[in-house]
Amino acid sequence: MAIEVYLQRNNFRVTIAEGGEAGLRVLEDKQFDLMIIDIFMPHMRGFESIRIFHEQAPVIPLIAMSGYAFANLNSPAPDFLRMALELGAARCLRKPFTPHALLAAINDCLAEHRPRSDIATAVQLG
């Protein structure tokens, strides 16, 4: 919710989809300039969502975010954000991140992928 409010205050149109399946339904009906996905969300895993979104809309940049941490710090932890990049995410943010870091990632993605409008649209899943 904080991300939604922050983006709206910065003149972004925001569509929220609660989970990967809802995101796929929204993607069928609307055009987006950017997607933001939480790697760990209910129902469809973020990795599966990233792979499917990248297959269905490869030109739309995707920002993956995760704050997942392991309780056992003695065992090696997988690098979920690196895995997201390998599946097609354009940028990754580790939670907690600053509003400035989010805005910088969004602006970088939009600049690299030539937005279709003056006001970017974002989808947040999770």
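**Calls and cut-offs in a predicted model**

Colleague: What makes S66 count as buried?

Modeller: Its relative accessibility is 2%, and buried means under 20%, so S66 passes that test. Bear in mind that this is a predicted model.

Colleague: Where does S66 sit, and what does S66 touch?

Modeller: S66 is in strand β3, residues 62–66. Leaving out residues up to four places away in sequence, S66 touches D38, I39, F40, L81, L93, R94 and K95.

Colleague: K95 brings me to the next peptide bond. How do you know that the bond from K95 to P96 is cis or trans?

Modeller: Look at omega: it's near -5 degrees, and the bond is cis. P96 belongs to the loop between β4 (91–94) and α5 (99–112). That's worth pointing out because most peptide bonds are trans.

Colleague: And N11, what makes its phi worth a remark?

Modeller: N11 has a positive phi, about 70 degrees, although it is not a glycine. We flag that because most residues other than glycine have a negative phi. You'll find N11 in the loop between α1 (2–9) and β1 (13–17).

Colleague: Why is N11 called exposed?

Modeller: The relative accessible area of N11 is 58%, and the label exposed needs over 50%, so N11 gets it.

Colleague: On to the rings. Why is the pair of F47 and F80 called tilted?

Modeller: The search of the whole structure gives 1 aromatic pair. In that pair, F47 and F80 are 5.8 Å centre to centre, with 35 degrees between the planes. Ring centres have to lie within 6.5 Å, so they pair. Stacked would need planes under 30 degrees apart and edge-to-face over 60, so 35 degrees leaves tilted.

Colleague: Which parts of the chain does the pair link?

Modeller: Distant ones: F47 is in helix α3 (residues 46–56) and F80 in helix α4 (residues 80–87), 33 residues apart. Both rings' residues are under the 20% cut-off for buried, since F47 has 17% relative accessibility and F80 has 14%.

Colleague: Staying with α3, why are α2 and α3 called roughly parallel?

Modeller: Helix α2 (residues 20–29) and α3 pack at about 10 degrees, with their axes 10 Å apart. Roughly parallel means an angle under 35 degrees, so the label fits α2 and α3. Where they meet, G20, G23, L24 and L27 come from α2, and S49, I52, F53 and Q56 from α3.

Colleague: How do you know whether C92 and C109 are bonded or apart?

Modeller: The sulfur of C109 is 9.5 Å from its closest cysteine sulfur, in C92. A disulfide needs the sulfurs within 2.5 Å, so this is too far for a bond. The count comes to 0 disulfides.

Colleague: What makes C92 partly exposed and C109 buried?

Modeller: C92 has 22% relative accessibility, and partly exposed runs between 20% and 50%, so that's its class. C109 is at 0%, which makes it buried.

Colleague: Last one: what pattern does the protein follow along the sequence?

Modeller: It reads α-β-α-β-α-β-α-β-α-β, with 5 helices and 5 strands. Buried residues account for 44% of the 126. Of contacts between residues at least 6 apart in sequence, 71% join residues at least 24 apart.

Methods
Residues numbered from 1 in each chain as written. Predicted model: local features only at pLDDT ≥ 70, side-chain atom pairs only at ≥ 80, totals over all residues. Heavy atoms only, no water. Phe/Tyr/Trp six-rings, centres within 6.5 Å; stacked < 30°, edge-to-face > 60°. Helix = DSSP H or I, 4+ residues; strand = E, 2+ residues; numbered from the N terminus. Buried < 20%, exposed > 50% of the residue type's maximum accessible area, 1.4 Å probe, protein only. Contact = heavy atoms within 4.5 Å. Axes fitted to C-alpha atoms, helices over the stretch in contact; angles between N-to-C directions. Parallel < 35°, antiparallel > 145°, perpendicular 65-115°, else oblique.
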